[in-house]
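Hello,

Here is the structure I promised to pass on to you. Please have a look at it first, and then read on for what I found.

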Amino acid sequence: MTLQLSTELLSLRTRHPFIIARGGQSDYRTVMVKIRDGDGNEGWGEAAATRYYGETLETVQAALLTYAPLLGDDPHQLDAIERRLETALHGNAAARVAISTALHDLVGKRLGVPLWQYWGLDPAAAPRSTFTIGMDTPEILRQKVQEAAEYPILKVKLGGPNDLALLQTIRDATAKELRVDANCGWTPVHAVRMLPVLEEFGVTVLEQPVAADDLEGLAHIHRHARIPLIADESCVTSADISRLVGRVDGINIKLAKCGSLREALRMIAIARAHQMTVMVGCMIESSLGITAAAHFTPLVDIVDLDGAALLAQDPFRGAGIPGGQVTLPTAPGLGVTRR
Ligand code: MG
């Protein structure tokens with residue numbers, strides 16, 4: 001029987017408005033994708049559209065209509081299906097990865113193994129996840145640091161006009177390890193000027209200080225930096241990695257950017273071949289989308305999978321980051337259930 005795709009709209013709300021260098025909001029809508037086989041098995045995935053990467057709820061829904069008739073009847077043909085989708089309509093990574101995730105979930109359920117086991121991974125090897133503190137007033141920042149008490153590593157969003165005050169407020173509120181993401185908000189000159197400041201504040205990782213296409217800017221900062229420099233917006237798919245070699249220390253993989261779980265694994269392999277650090281990040285999404293990325297965390301160095309932990313209410317139960325520790329489900333497939 002041909003695999004059947006259906007969708008459901010998810011409304012998500014973050015506990016605080018999630019503000020980064022490009023702005024922010026509290027209300028997010030994602031699309032849940034369900035793929036059913038002829039035996040009554042169903043796999044789930046989530047599409048978290050990001051306007052920055054050219055996707056909206058509407059483009060995701062339109063892309064899914066294009067992809068739905070191309071699934072065929074054998075979910076185990078993951079490579080062929082993923083290539084078929086990309087050939088039919090390239091881009092639309094969030095829509096494609098929702099299908100990729102649902103197929104992997106379905107395959108795991110049919111075989112009776114959790115995804116990490118299907119990939120031959122050891123869940124105990126997953127690094128601890130950061131928890132992100134978005135931009136806010138000093139008062140709310142202090143409150144957020146308190147609310148993040150259980151998480152041992154905080155990721156601080158910079159790239160705005162109040163970076164120093166913001167960093168100072170957070171450092172005064174906690175002695176925890178801090179990592180910084182400037183989300184393209186700095187110039188190379190400003191970033192180099194910020195490096196000693198970051199070091200003084202005990203920051204251990206710097207993510208995407210300058211514009212996505214400013215590879216020379218990244219290289220300039222890399223020459224001056226003593227802390228690892230990670231490319232996020234500059235690294236969308238595996239095709240971006242070769243030009244980042246020597247210009248940054250590592251890459252941040254996100255499923256909503258790269259468009260498939262198999263592509264995420266390719267990115268890890270390519271980055272490793274170049275001795276690069278591998279990070280996995282996320283969008284604001286429920287535990288459904290987060291769990292898909294969590295299953296390959298045993299392969300990475302840096303984990304930032306707090307998308308569901310930032311929500312006021314999570315419609316699903318799946319992988320979690322209690323105390324920062326990535327916990328992977330042991331049920332077949334993704335191991336995600338509805339709350
Ligand atoms: Mg980032």
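Helix α2 (residues 78-88) and helix α3 (residues 93-111) have axes that come within 11 Å and cross at roughly 165°. That makes α2 roughly antiparallel to α3, a label for angles over 145 degrees (under 35 is roughly parallel, 65 to 115 roughly perpendicular, the rest oblique). The crossing in which α2 passes α3 is right-handed, meaning that the near helix is turned clockwise from the far one by less than a right angle, whereas anticlockwise would be left-handed. From α2, the contact (heavy atoms within 4.5 Å) takes in Leu 78, Ile 81, Glu 82, Leu 85 and Glu 86. From α3 it takes in Arg 96, Ile 99, Ser 100, Leu 103, His 104 and Val 107.

A word on the basis: this is a predicted model, where local features need pLDDT of at least 70 and side-chain atom pairs count only at pLDDT 80 or more, while totals for chains, interfaces and linings use all residues. Residues are numbered from 1 along each chain as its sequence is written, and side-chain values use heavy atoms, with hydrogens and water left out. Helices (H or I, at least four residues) and strands (E, at least two) are DSSP runs, numbered from the N terminus. Axes are lines fitted to C-alpha atoms, for helices over the stretch in contact, and angles run from 0 to 180 degrees between N-to-C directions.

A second helix pair is α7 (188-200) with α8 (residues 215-224). Their axes are 9 Å apart and pack at an angle of about 20°, so α7 and α8 are roughly parallel to each other. This crossing of α7 and α8 is right-handed. Pro 188, Ala 191, Val 192 and Leu 195 of α7 meet Gly 217, His 220, Ile 221 and His 224 of α8.

Now for the aromatic rings. There are 4 aromatic pairs, counting Phe, Tyr and Trp (its six-membered ring) with centres within 6.5 Å; planes under 30 degrees apart are stacked, over 60 edge-to-face, the rest tilted. Tyr 52 and Tyr 53 form an edge-to-face pair, 4.8 Å centre to centre with 90° between the planes. Phe 131 and Tyr 151 are stacked, at 4.4 Å and 5°. That pair links distant parts of the chain, 20 residues apart: Phe 131 is in strand β4 (residues 131-133), and Tyr 151 is in the loop between α5 (138-147) and β5 (153-157). Both Phe 131 and Tyr 151 are buried (under 20% relative accessible area; exposed is over 50%, partly exposed in between, with a 1.4 Å probe and protein chains only).

Best wishes
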